[in-house]
Amino acid sequence: MAEWNAYYHNEDEDEEQEEGEQSGEYYKLTGRDSLVFLVDASREMFVKGEDGEPSNFDMTMEAVRSVYTSKIISSDRDLVALVFYGTEQSKNPKDSFKHVYVYHDLDEPGAKRVQDVDALRGEKGAQLAAETMGSGETSLGDALWCCANLYSDIKLRLSHKRLMIFTCRDEPHGGDSVKDRQARTKASDLKETGVVIDLMHLMKPGGFDVARFFCDVVSPPEDESELGLQMEPCGKLEDLKKRVRAKEQKKRTMARLNLILGEGLNVAVGLYATAVKATKPGSIKLYRETNEQVRSKTRTFHTQTGSLLLPSEIKKAQIYGKKMIVLERDEVDTIKRFDDPGLLLIGFKPMEKLKLHHHIRPAIFIYPEENEIKGSACLFSALLTKCREKNVFALCRCISRRNYPPRFVALVPQKEEMDEGRVQITPPGFNAFSLPYADDLRTLDPPQCPRASQPQVDMMKQIVSKLRFKYRSEAFENPVIQQHYRNLEALALDMVAPEETDDLIMPKVEQIDQRLGPLVQDFKDLVYPAYYNPDNKPAAKRKTDSGGGAEKKPKVEVSEDELKARVQNGTLGKLTVSVLKEACKQFGIRTTGTKKQELIDAVTGHLGS
């Protein structure tokens, strides 16, 4: 029978992952995500920008490559495709569509595909694209039809289907009403099958007018938090990557629960992790001969008979009061079950009651799920507005998953924030802070240390104000993880050497010295005594005898016969370094160093000669 402690140990680990670090296993959804890049290959896309800026085609290939590499790292089982339209050459299944070139079918990303995209970058890439695909007539309807066929050929279950159109032409058909109508019809058919169509429009002379054609092609916003179609085109690579990343990443809930406001009054909400610690992926065991992934199976056998045990035959046991209590697994689950998963509203508290030391785990973001219960978004918005107006937080009991112990959480309201480009920075909703139990709060006895004087405090305030800067978490990358993935990328893409990683967390000493100036020396003069040197260790004090002279160790002399005997017996190494040095001086043996092995070699060579 399995030990009860082992059973609880595994469950505790799951709880710690879910409430603390949020393990990646918790985010898995049924099915795979899929993404199709539909790129305009017209001549306008290859025109260089002003002052040598990259063309729209170059920026698009950079964005596609970044998504490919991020998919390989984060979710290599997702499907990605790259399709060009408006080409002179045609390449698609059965060549059914003219001027459509399927560069990559819907499949998992890999190193070969990244190399293919790299071949299309830069001037050589533009020349290769012109030779391979060329630029011809445009039929967006045929391109969307071809993408629909790519989706229909996939037999796997897809949880999310998205199509991104990259173009700098707001009228791809030049005002041809027949082709416009065909494209709108095919886009409507795609959206009915669950495909989300996004437009990544790029800069063009005279501006890009979305209302001319594409406003009827793209999908509406997925929820109220999204601003929908952004009217300003992308003119910079970073803006394009940011927009693609925001659309490409699917918001995945950790759990969907009911926020119980009262008897019979429920609001469906989703729990989201706003920040997850980045870690290196775990190693995968491969079979040496075929290089296939090894899948492990666990089987339990009877210790006495050796027979295979079924899951129903395995019991849980706990020794209590010198007696072994045996329980079925269902009985253990029943004992552990406190209540059904959900958020139960207990009451409201002023924000002043919530202290900084109450924040013991990473906060979880809560947002309504209108698809689960109709009216959840409206009631949730009203609750959020009133909590912000009255400056209170909601105190709730939270059971995140089945058979999980309850925790008290504080739902702190958060308002929506936009940047200068009207892009949402902070969504509206509640941040759920896990509150500590009484056992978690301890009274500490801080050590008694000498306190700084007021002039020392004022001097340090000046130093802190000089070194203050606006911290942004996205500006600092983990150098260890970055170097790890660069090594993998260099290995997969057959690079000569991986790209160097800038360690952004290292202090910039030169800038710090320039900002502080003489403040550092002034602070040292104010804090340290005149005879103290913080850079060097103080010399060890020597013991003095009654006469005031230093005590010297007596020299240990070793005869030549004893050294020869030790060389023959192999016990020369038992002598200390000081004895060996003294022997070398005594017999005039020249040494090349002061290490013990070098002294032994010198003595052995001298006696052997």
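**Entry 1: residues with positive phi**

I began with Asn-291, which turned out to be exposed, with a relative accessible area of 55%, in a model that is predicted. I placed Asn-291 in the loop between β8 (265–273) and β9 (316–320), and I read its phi as near 65°, a positive value in a residue other than glycine. I noted this because most residues other than glycine have a negative phi.

I then turned to Lys-322, whose phi is near 60°, again positive in a residue other than glycine. Lys-322 sits in the loop between β9 and β10 (323–327), and with a relative accessible area of 85% I entered Lys-322 as exposed.

**Entry 2: Pro-281**

I went back to the loop between β8 and β9, where Pro-281 is also placed. Is Pro-281 buried, partly exposed or exposed? I found a relative accessibility of 46% for Pro-281, and since the exposed class begins over 50%, Pro-281 counts as partly exposed. Leaving aside neighbours within four places in sequence, I listed His-484 and Tyr-485 as contacts of Pro-281. I also looked up the C-alpha atoms of Pro-281 and Ile-481, which are 200 residues apart along the chain and are separated by 9.7 Å in the model.

**Entry 3: the chain as a whole**

I recorded 16 helices and 17 strands in the chain, and of its 609 residues 34% count as buried. Looking at contacts between residues at least 6 apart in sequence, I found that 68% of them join residues at least 24 apart.

For confidence, I noted that the chain averages a pLDDT of 80, with 84% of the residues scoring at least 70. Over residues 223–229 the pLDDT is below 50, and I wrote down that this stretch nevertheless has 16 contacts in the model beyond near neighbours in sequence. For residues 546–551 the pLDDT likewise stays under 50, and there I found 3 contacts beyond four places in sequence.

**Entry 4: nonpolar cores**

Which residues have the most contacts inside the largest nonpolar core? I found that this core has 32 residues and that Leu-38, Leu-140, Leu-163, Ile-165 and Phe-214 are the ones with the most contacts inside it. I listed the elements that give two or more residues to the core as β2, β3 (79–85), β4 (100–107), α5 (140–152), β5 (158–167), α6 (177–192) and β6 (195–201). Of these, α5 gives the most, with 7 residues.

I followed Ile-165 further and, leaving aside its neighbours within four places in sequence, found it in contact with Leu-38, Tyr-85, Ile-197, Asp-198, Leu-199, Met-200, Phe-214 and Val-217. Apart from this core I located another, of 27 residues, among them Leu-35, Val-39, Met-61 and Val-67. As background to both searches, I kept in mind that in soluble globular proteins nonpolar side chains tend to be buried together.

**Entry 5: Ser-34 and Lys-179**

I looked up Ser-34, which lies in strand β2 (residues 32–40), and found that Ser-34 is buried, with a relative accessible area of 4%. Beyond its neighbours within four places in sequence, Ser-34 is in contact with Leu-79, Leu-106, Tyr-151, Leu-158, His-160, Lys-161 and Arg-162.

I next took Lys-179, found in helix α6, and entered Lys-179 as partly exposed at 25% relative accessibility. Not counting residues up to four places away in sequence, I saw that Lys-179 touches Glu-137, Thr-138 and His-173. The C-alpha atoms of Lys-179 and Asp-142, which are 37 residues apart along the chain, are separated by 9.2 Å.

**Entry 6: α2 against α3**

How are α2 and α3 oriented towards each other? I found that helix α2 (residues 56–74) and helix α3 (residues 111–118) pack at an angle of about 170°, with their axes 10 Å apart. Since angles over 145 degrees count as roughly antiparallel, I recorded α2 and α3 as roughly antiparallel to each other.

I then listed the residues that meet, which are Met-61, Val-64, Arg-65, Tyr-68, Thr-69 and Ile-72 in α2, with Ala-111, Arg-113, Val-114, Val-117 and Asp-118 in α3. By class, I entered this contact as 7 nonpolar, 1 polar and 3 charged residues. I also noted that Met-61, named here on the α2 side, is one of the residues of the core of 27.

Note on methods: Residues are numbered from 1 along each chain as its sequence is written. Side-chain values use heavy atoms; hydrogens and water are left out. Axes are lines fitted to C-alpha atoms, for helices over the stretch in contact, and angles run from 0 to 180 degrees between N-to-C directions. Helices (H or I, at least four residues) and strands (E, at least two) are DSSP runs, numbered from the N terminus. Angles under 35 degrees count as roughly parallel, over 145 as roughly antiparallel, 65 to 115 as roughly perpendicular and the rest as oblique. Contact means heavy atoms within 4.5 Å. Ala, Val, Leu, Ile, Met, Phe, Trp, Tyr, Cys and Pro count as nonpolar, Asp, Glu, Lys and Arg as charged, and the others, Gly among them, as polar. pLDDT is the predictor's confidence in each residue, from 0 to 100. Buried means under 20% relative accessible area, exposed over 50%, partly exposed in between (1.4 Å probe, protein chains only). A nonpolar core is a set of buried Ala, Val, Leu, Ile, Met, Phe, Trp, Tyr and Cys residues joined through side-chain atoms within 4.5 Å.
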